[in-house]
Amino acid sequence: MRHVAIIGSGPAGYYSAEGLQKEFGSDICVDIIDRLPVPYGLIRFGVAPDHQSIKAVSKRYEKVALSDNVRFVGNVMVGRDISIAELMDLYDAVILATGAPADRTLDIPGGDLPGVIGSAAFVGWYNGHPDFAELDPPLDVEAAVVIGNGNVALDVARILSKTPREFEGSDIVAQALDALSRSSIRTIHVLGRRGPHQIAMTPKELGELGHLEEAAPRVDPADFPPEGDDALLEPGMRKSVTHLRDFASAGGAKRKTINFDFFAMPVAVEGNGEVERVVVERTALDADLRSIGTGETYEIACGLVVSCIGYKTPPIEGVPYEHGRGRFANSEGVIADGLYCVGWARRGPTGTIGTNRPDGFEMAEKIAAKYRGGSSTKFGRAGLDSLLEGRGVDIVTFRDWQKIEAAEAARARAGSPREKFTQIEEMLAAVPRTKS
Ligand code: NAP
């Protein structure tokens, strides 16, 4: 029997556990540790609340979680309740699947003014992440600027545009739904520092903007390269660009507008104690398709800026870290003997949820190649339990989580799958504090 601890219960964590089951059969004991009392990481807190079909992948993780040799250990924070060194003493292998939940900072003058919000915080707010429950973004403003041309920028622009009716069936948290339904935002500017052929938006997600009840996407036709150049794009990208061309040629106004500003690099955020405008420099592309400033600037008046420019993995004490790329320093997922990383903590914040599957399976194969056969000298689960008990840490098991899940379902508004608890105390109050 081998003992493995996985830190993080998002997609990368659960695919790693599934991979370990496949490699070791019943000869493995896996503990999936999460700092929150609720599992699924990015699925619960990152995937947009109006994309319920994507969230359904958690059913697959549930199957893994309910098997005998895998355990969810929630409400345990590595670095506070237990150190990496202690975990490495207790388990044969430790896998960091901590994702990339921190915002890359917008490093421009005024980037820290009140009203400038990173997408991790903004997305966390409408998805009920306890760290961001109190965010209270300024929505009593006429215009918002969304920085970035990736799928997160699309999520944020869409959420800012939807009517309450369009949130039916979603699990957006009540406080965000209330705030958004009172929003006075009429214009959302989505800034891309490069052009329509350099976007990182996928076609399905981009196409959704064409069907919003009250918001119409707008693109300046002058921003496109000649139409014939679209043939050189790979098919997915070609579809995305076709959506943009459709937006550029569509007529008819709606109450709200989503303006795509291409070749638009934010260089400063200005305002008297809060965001009042973004200064944007027009850009051009160099031979390597990188954006270069032209020196020409313009201003966008706005009261909210959401910066969707990527994420980083928070460092953990004692674990080598690559600051430039915002992830753990690793060689193909290996950080040190017995210490591994998977998913965004390994690769950086790119790819779909499914990309984590081969990643997790590959790591399981690596661990199996090293540890299959032979027996462990580690204390594993029993050692963890006694150490945490000694420290007075109340762990939340998967059965406990199912009680939280049932309580969230029971208090859901009509048509919604759940009303999430947004405070850790509320989550814990929904379960008797057992350590089974
Ligand atoms: P992303 O796809 O890497 O996009 C980041 C965007 O930010 C890029 O357009 C980038 O422009 C821009 N950017 C970076 N630094 C900037 C700066 N200093 N100033 C201005 N713009 C800057 O990241 P993401 O949108 O956070 O998404 C992360 C991952 O999650 C992606 O793989 C995404 O597809 C995935 N995701 C998927 C879905 C979905 O499938 N529904 C939803 C959300 C997220 P450059 O290209 O010029 O660098």
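## A tour of the sheet and the ligand site

Select Asp31: it stands opposite Arg71 in β3. The model on screen is a predicted one.

**The strand pair.** Extend the selection from Asp31 to strand β2, residues 28-33. Four bridges join β2 to β3, and these two strands run parallel. In general, the strands of a sheet pair through backbone hydrogen bonds, either parallel or antiparallel.

**The whole sheet.** Next, select β3, β2, β1, β4, β19 and β18, in that order. These six strands form an open sheet, and the pairing in it is mixed. Which strands are at the edges? They are β3 (70-73) and β18 (334-336), each of which pairs on one side only. Neighbouring strands of the sheet are turned by 25° against each other on average, with direction ignored.

**The helix across the sheet.** Now add helix α12, residues 356-371. Helix α12 lies across β1 (2-7), β4 (93-96), β18 and β19 (339-341). Relative to β19, the helix runs at about 160°.

**The ligand.** Move to the ligand and show the residues around it. There are 21 of them, and the closest are Asn149, Asn151, Arg193, Arg194 and Gly351. By class, this shell has nine nonpolar, seven polar and five charged residues. Helix α7 (residues 151-161) gives the most to the shell, with three residues.

Three contacts can be checked with the distance tool:

- Asn151: a polar side-chain atom lies 3.0 Å from an oxygen atom of the ligand.
- Glu205: a polar side-chain atom lies 3.1 Å from a nitrogen atom of the ligand.
- Gly351: a backbone N or O atom lies 2.9 Å from an oxygen atom of the ligand.

On its own, the ligand has 920 Å² of accessible area, and the protein covers 79% of that.

Terms used:
Residues are numbered from 1 along each chain as its sequence is written. This is a predicted model: local features need pLDDT of at least 70, side-chain atom pairs count only at pLDDT 80 or more; totals for chains, interfaces and linings use all residues. Side-chain values use heavy atoms; hydrogens and water are left out. Two strands pair if DSSP finds at least two bridges between them. Axes are lines fitted to C-alpha atoms, for helices over the stretch in contact, and angles run from 0 to 180 degrees between N-to-C directions. Contact means heavy atoms within 4.5 Å. A residue is near a molecule or strand if one of its heavy atoms lies within 4 Å of it. A polar contact is a pair of N or O atoms within 3.5 Å; within protein, one must be able to donate a hydrogen and the other to accept it, and residues adjacent in sequence count only if both atoms are side-chain atoms. Accessible areas come from the Shrake-Rupley method with a 1.4 Å probe; for residues, only the protein chains shown count as cover. Ala, Val, Leu, Ile, Met, Phe, Trp, Tyr, Cys and Pro count as nonpolar, Asp, Glu, Lys and Arg as charged, and the others, Gly among them, as polar.
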